[in-house]
Amino acid sequence: MRDTSCDPIPATAPPAIVIGAGIGGLAAAMRLGAKGYRVTVIDRLDMPGGRGTAISEGGHRFDLGPTIVTVPQGLRDLWAACGRRLDHDVTLVPMDPFYEIRWRDGSKFTMCGDKAAMAAEVARLSPGDSAGYARFLRDAEARYQFGFENLGRRPMHRLWDLIKVLPQFAMFRADRSIYAHAARRVKDERLRMALSFHPLFIGGDPFHVTSMYALVSHLEAAFGVHYAMGGVAAIAAAMGRVIEGQGGVLRLNTEVDAVLIEGGRAAGVRLAGGEVVRAPLVVSNADAGHTYDRLLRHAPRKRWTSARLKRTRWSMGLFVWYFGTKGTAGLWPDVGHHTILNGPRYKGLTRDIFIKGKLADDMSLYVHRPSVTDPSCAPAGDDTFYALSPVPHLGHDNGVDWEAEAEPYRQKVVKVLEEQLLPGLSSHLTSSRVFTPLTFQHRYLSPYGAGFSIEPRILQSAWFRPHNVSEELPGLYLAGAGTHPGAGLPGVIASAEVLGKLVPDAPLRATLPMSLAAE
Ligand SMILES: Cc1cc2nc3c(=O)[nH]c(=O)nc-3n(C[C@H](O)[C@H](O)[C@H](O)COP(=O)(O)OP(=O)(O)OC[C@H]3O[C@@H](n4cnc5c(N)ncnc54)[C@H](O)[C@@H]3O)c2cc1C
């Protein structure tokens with residue numbers, strides 16, 4: 001049989017709607033297109049990509065969100081399902097090293113894909129931890145096979161799906177936090193941080209999210225860390241072109257006000273301007289909280305009620321400062337593409353952010369300098385950066401007043417950067433733009449301005465997360481960070497793969513012209 005999924009879909013094919021052109025929504029649209037649906041993707045932003053969009057200012061292109069592309073195979077599989085090759089449409093560059101972690105005492109730890117170099121790096125940082133590190137990596141691989149390849153890529157909406165995997169959860173001590181697991185393997189606090197911080201990139205508190213996330217250490221080592229030339233926005237643009245090539249449509253600058261319900265089923269969407277767009281199959285890539293609280297506000301809800309969503313633990317918010325620097329291309333030669341700059345506290349700071357909801361005076365930063373890899377993001381001789389600081393989301397009591405705090409906090413970020421990473425920064429600054437949790441709330445309609453939707457704690461993961469096939473409304477499906485398996489590019493791409501397993505092929509696909517249907 002020839003794969004017909006790259007052929008344009010006939011105008012008579014059944015329609016489907018995807019609300020949201022985040023990476024998960026675009027991946028869902030590609031999967032549906034490959035199944036023979038005529039897909040309309042609707043997003044309120046002016047370009048596809050959601051958190052993976054970019055803005056340009058003063059010759060700088062700022063990649064707003066994701067920068068680290070792991071598991072490129074997820075993208076390759078997605079493209080292949082659409083009868084295309086990723087490498088024709090997107091250029092992924094392997095990072096070497098992956099990233100550098102720095103502490104205030106001047107010590108550094110460089111992560112890379114070379115096993116021997118990593119063993120030497122661990123031995124240099126903490127000579128007594130070599131055996132424990134090797135064991136951690138073995139743990140990570142086992143958790144990857146189960147947690148990502150098995151659990152993350154299959155539907156999890158039936159209780160039985162969960163019950164079947166409980167023995168493995170018990171065997172892997174999934175109840176233990178990733179930090180606690182790292183602490184059992186290695187003694188050096190810096191190494192414990194280096195092995196346990198990854199959940200912060202998908203919105204989880206390392207002291208509370210499950211040790212299953214050790215799997216990230218394996219997937220980085222096994223498949224590398226990549227950068228998409230042109231930023232993740234270039235991946236999103238390529239996804240948009242695949243969708244249009246399939247006969248789908250992207251409607252941008254268009255907000256969905258509600259899911260249309262007829263006869264107890266999803267029947268399309270009502271746009272903010274009042275227009276109704278009909279389709280018997282609706283996928284929401286909007287945040288799961290927004291989907292249920294806002295888009296389904298007219299429907300009776302059994303599980304994802306407003307009260308339940310209020311009780312849910314949301315991921316942290318993000319303060320992101322995007323800035324351009326003039327004439328710095330040769331400056332700061334030891335600052336690479338990805339740097340993690342630790343503040344004085346790890347546990348105390350995450351506690352302030354996730355539990356107390358307090359904006360601390362100290363901070364840990366992730367610093368992105370894509371201009372060392374991708375000249376297209378800055379004028380010649382200049383640099384493009386962002387500095388990201390995890391902060392409380394907006395739902396805590398006595399939430400942070402970001403209207404008042406944004407500028408003083410930015411100045412604290414500048415001080416930390418000048419003292420520890422980029423001396424003389426202020427005299428080179430050109431462009432500057434700040435995103436706070438308020439921006440996330442307004443731009444992406446994120447509940448509480450959370451950076452990564454629902455926190456991936458164990459009792460908010462897999463079956464416990466909002467399901468890919470809606471519990472509340474037949475004909476409605478979910479793809480993206482707030483559903484199974486969760487946030488991060490590999491997670492949201494996997495959510496579309498799961499969706500592809502749940503949605504049947506479009507009926508008309510079976511009646512495509514003989515020339516298209518078989519070879
Ligand atoms: C600063 C930052 C850095 C990150 N770094 C990384 C990284 O390095 N690597 C990694 O793998 N992940 C990273 N992530 C996480 C990753 O970016 C996200 O988990 C992922 O992109 C979320 O995709 P999504 O499909 O859930 O949709 P989103 O990106 O959340 O997009 C949802 C879209 O839906 C639209 N929408 C919502 N409601 C409506 C409505 N009513 N009508 C119309 N449109 C609507 C929004 O406008 C938005 O475009 C990062 C995230 C952030 C914020």
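**Strand pairing, ligand shell and backbone geometry in the predicted model**

Strand β7, spanning residues 108-111, presents a covered face made up of Phe109 and Met111 and an uncovered face made up of Lys108 and Thr110. In this predicted model, β7 pairs with strand β6 (residues 99-102) in the antiparallel sense, over four bridges, and within this pairing Arg102 stands opposite Lys108. The two strands form a hairpin with five residues between them, and Gly106, in the turn, has a positive phi of about 95°. Ahead of β6, the loop that connects β5 (92-94) to β6 holds Pro97, and the peptide bond from Asp96 to Pro97 is cis, with omega near 0°.

The protein comprises 17 helices and 19 strands. Its radius of gyration is 23 Å, close to the 24 Å that the globule rule gives for 519 residues, and the protein is therefore as compact as a globular protein of that length. Along the principal axes, the C-alpha atoms fill a box of roughly 65 × 55 × 50 Å, and 55% of the 519 residues are buried.

Strand β1 (residues 15-19) is mostly covered, with four of its five residues buried, and has pairings with two other strands described here. With strand β2 (residues 38-42), β1 runs parallel and is joined by five bridges, Ala16 standing opposite Val39 of β2. With strand β13 (residues 281-284), the pairing is likewise in the parallel sense, over four bridges, and Ile19 stands opposite Ser284 of β13. Together with helix α1, strands β1 and β2 make a right-handed β-α-β unit.

Helix α1 also contributes to the surroundings of the ligand, giving three residues, the largest share of the shell. Of the 37 residues around the ligand, Gly20, Gly22, Gly24, Gly50 and Gly480 come nearest; the elements that give two or more residues to this shell are α1 (23-34), β14 (317-325) and α16 (489-502). By residue class, the shell divides into 20 nonpolar, 13 polar and four charged residues. Because domain 1 (15-90 + 229-311 + 456-517) and domain 3 (317-444) both give residues to the shell, the ligand lies between them.

A second cis peptide bond, with omega near 0°, is that from His484 to Pro485, and Pro485 lies in the loop between β19 (476-478) and α16. Most residues other than glycine have a negative phi, and most peptide bonds are trans. Against this background, Asn253, which is not a glycine, has a positive phi of about 50°, and is found in the loop between β9 (249-251) and β10 (256-262). Ser453, also a residue other than glycine, has a positive phi near 65° and is placed in the loop between α15 (437-444) and β19. The surroundings of these two residues contrast: Asn253 has 10 other C-beta atoms within 10 Å and is therefore exposed, whereas Ser453 has 29 other C-beta atoms within 10 Å and is therefore buried.

Asp89, found in helix α3 (residues 86-89), has 16 C-beta neighbours inside 10 Å and so counts as partly exposed. The C-alpha atom of Asp89 is separated by 8.7 Å from that of Met239, although the two residues are 150 residues apart along the chain.

Key: Residues numbered from 1 in each chain as written. Predicted model: local features only at pLDDT ≥ 70, side-chain atom pairs only at ≥ 80, totals over all residues. Near = placed C-beta within 6 Å. Nonpolar A, V, L, I, M, F, W, Y, C, P; charged D, E, K, R; others polar. Domains from an automatic or database assignment. Buried ≥ 20, exposed ≤ 12 C-beta atoms within 10 Å, placed from the backbone. Pairing = 2+ DSSP bridges. Right-handed = clockwise from strand over helix to strand, strands pointing away. Rg over C-alpha atoms; globule rule 2.2 N^0.38 Å.
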